[in-house]
Amino acid sequence: MRVRTLLNPFSCRQRFEKMPWHAIFPNAQEKLTVEIGFGTGSFLVHYAQRYPSHGIVGFEIRQRLVKQAEASIAAAKLTNVHPVEGNGQYGLEDMFDDNTLDRVFIFHPDPWPKPRQQKRRVITPAFVQLIQRKLKPGGELFIATDVEELWQYMHNIVTTASQLTPTTNDLFWEQDYRTRWQEMTQEQNRSRFFGTFAKVL
Ligand SMILES: C[S@@+](CC[C@H](N)C(=O)[O-])C[C@H]1O[C@@H](n2cnc3c(N)ncnc32)[C@H](O)[C@@H]1O
């Protein structure tokens with residue numbers, strides 16, 4: 001059996017430059033979106049194919065997975081997706097102006113169950129405040145997990161530490177939510193917990 005070793009995101013200390021996204025996505029300027037922790041990159045490819053007028057930037061700390069996603073993106077000849085190796089928390093802070101993102105996706109983040117590991121979780125009070133700052137008014141955060149305790153923890157942080165408001169986007173969850181981890185939980189008949197939060201300011 002293959003054992004998956006988790007990489008502490010804070011061992012990835014690299015910081016980033018601000019990027020000229022309009023020049024990087026000249027044919028996809030309708031919406032700017034970010035996925036944090038893209039894993040194999042299956043959502044990036046699916047989303048970029050389905051929405052050719054959207055630019056999507058993905059962050060992943062595991063180099064092997066970044067290379068795998070790069071290969072899938074090249075095979076699909078996609079020009080509206082940009083995978084980045086590194087910690088998405090630093091990437092979001094460094095690479096984007098405030099009020100510029102339409103959507104941020106975080107699907108099945110690593111649970112880090114021990115109390116001393118919780119600071120490694122992607123969703124923290126400081127990070128949801130950063131996401132709120134980077135989203136446009138009307139922009140949305142999408143979160144999913146298969147760990148109920150993590151869902152309650154994340155939902156609680158988003159609704160208490162930020163002004164992001166729970167909203168519904170059934171079409172997205174029915175048609176666009178396609179990730180490797182989502183497929184695995186479906187195959188194993190396990191529960192999934194997901195929700196959308198909007199910046200209404
Ligand atoms: C359980 S996997 C889920 C992958 C994918 N989102 C899916 O649903 O199939 C979580 C992924 O997030 C990555 N990750 C965890 N923290 C991260 C961070 N701060 N920045 C970027 N990637 C991160 C991990 O390396 C791992 O590949």
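Ala, Val, Leu, Ile, Met, Phe, Trp, Tyr, Cys and Pro count here as nonpolar, Asp, Glu, Lys and Arg as charged, and the others, Gly among them, as polar. On that scheme, the shell around the ligand holds eleven nonpolar, eight polar and four charged residues. The model is a predicted one.

## Ligand shell

The shell has 23 residues around the ligand, and those that come nearest are Pro9, Gly37, Gly39, Thr179 and Trp181. Three elements give two or more residues to this shell: strand S2 (54–60), helix H4 (88–95) and helix H8 (180–187). Among the elements, H8 gives the most, with three residues.

## Helix H8 and the loop after it

How many of the eight residues of H8 are buried? The count is zero, and H8 is hardly covered. Gln186 lies in this helix. Gln186 is exposed, because its count of other C-beta atoms within 10 Å is 11, and a residue is exposed at 12 or fewer. Gln186 and Asp146 are 40 residues apart in sequence, yet 9.8 Å apart in space, C-alpha to C-alpha.

Asn189 follows H8 and has a positive phi, near 60°. Asn189 sits in the loop between H8 and S7. Asn189 counts as exposed because it has 6 C-beta neighbours inside 10 Å. From Asn189 to Ala161 the C-alpha separation is 32 Å, with their positions 28 residues apart in sequence.

## The sheet

Seven strands make up an open sheet, in the order S3-S2-S1-S4-S5-S7-S6, with mixed pairing. Why is one side of S3 and of S6 left without a neighbour in the sheet? Both stand at the edges, and each has a single partner strand, so one side of each stays unpaired. From one strand to the next, the twist averages 25°.

Three of the strand pairings are set out below.

| Strands | Sense | Bridges |
|---|---|---|
| S1 and S2 | parallel | six bridges |
| S5 (residues 135–145) and S7 (residues 193–198) | antiparallel | six bridges |
| S6 (residues 165–167) and S7 | antiparallel | three bridges |

Single residues fix the register. In the pairing of S1 with S2, Leu32 stands opposite Gly55 in S2. Thr145 stands opposite Phe193 in S7. Leu141 has Phe197 in S7 as its bridge partner. Phe197 in S7 is also the bridge partner of Pro166.

In a regular strand the side chains alternate between the two faces of the sheet.

Is S1 enclosed or open? Five of its six residues are buried, so S1 is largely enclosed by the rest of the structure.

Helix H6 (residues 148–161) lies across S5, S6 and S7. H6 runs at about 165° to S5.

## Helix H4 and its packing

H4 also belongs to the ligand shell, as one of the elements that give two or more residues. Which residues of H4 are buried? They are Gly88, Gln89, Gly91, Leu92 and Met95. What covers them includes strand S1 (31–36), S2, strand S3 (81–85) and H5.

The axes of H4 and helix H5 (residues 125–134) come within 10 Å. They cross at roughly 35°. The crossing of H4 past H5 is left-handed. On the H4 side, Gln89, Leu92 and Glu93 make the contact. On the H5 side, their counterparts are Phe127, Leu130, Ile131 and Lys134. By class, this contact has four nonpolar, one polar and two charged residues.

Gln89 and Leu92 thus have two roles: both are buried residues of H4, and both meet H5.

## Helix H1

His22 is placed in helix H1 (residues 21–24). Is His22 buried or exposed? His22 is exposed, because 11 other C-beta atoms lie within 10 Å, and the limit for exposed is 12 or fewer. His22 and Gln117 are 95 residues apart along the chain, and their C-alpha atoms are separated by 37 Å.

## In brief

The ligand shell draws on S2, H4 and H8, each with two or more residues. Of these, H8 has zero buried residues, whereas H4 has buried residues that include Gly88 and Met95. The cover over the buried residues of H4 includes S1, S2, S3 and H5. In the sheet, S3 and S6 stand at the edges.

How values were computed. Residues are numbered from 1 along each chain as its sequence is written. This is a predicted model: local features need pLDDT of at least 70, side-chain atom pairs count only at pLDDT 80 or more; totals for chains, interfaces and linings use all residues. A residue is near a molecule or strand if its C-beta atom, placed from the backbone, lies within 6 Å of it. Helices (H or I, at least four residues) and strands (E, at least two) are DSSP runs, numbered from the N terminus. A residue is buried if 20 or more other C-beta atoms lie within 10 Å of its own, exposed if 12 or fewer, and partly exposed in between; C-beta atoms are placed from the backbone. Axes are lines fitted to C-alpha atoms, for helices over the stretch in contact, and angles run from 0 to 180 degrees between N-to-C directions. A crossing is left-handed if the near helix is turned anticlockwise from the far one by less than a right angle, and right-handed if clockwise. Two residues are in contact if their C-beta atoms, placed from the backbone, lie within 7 Å. Two strands pair if DSSP finds at least two bridges between them.
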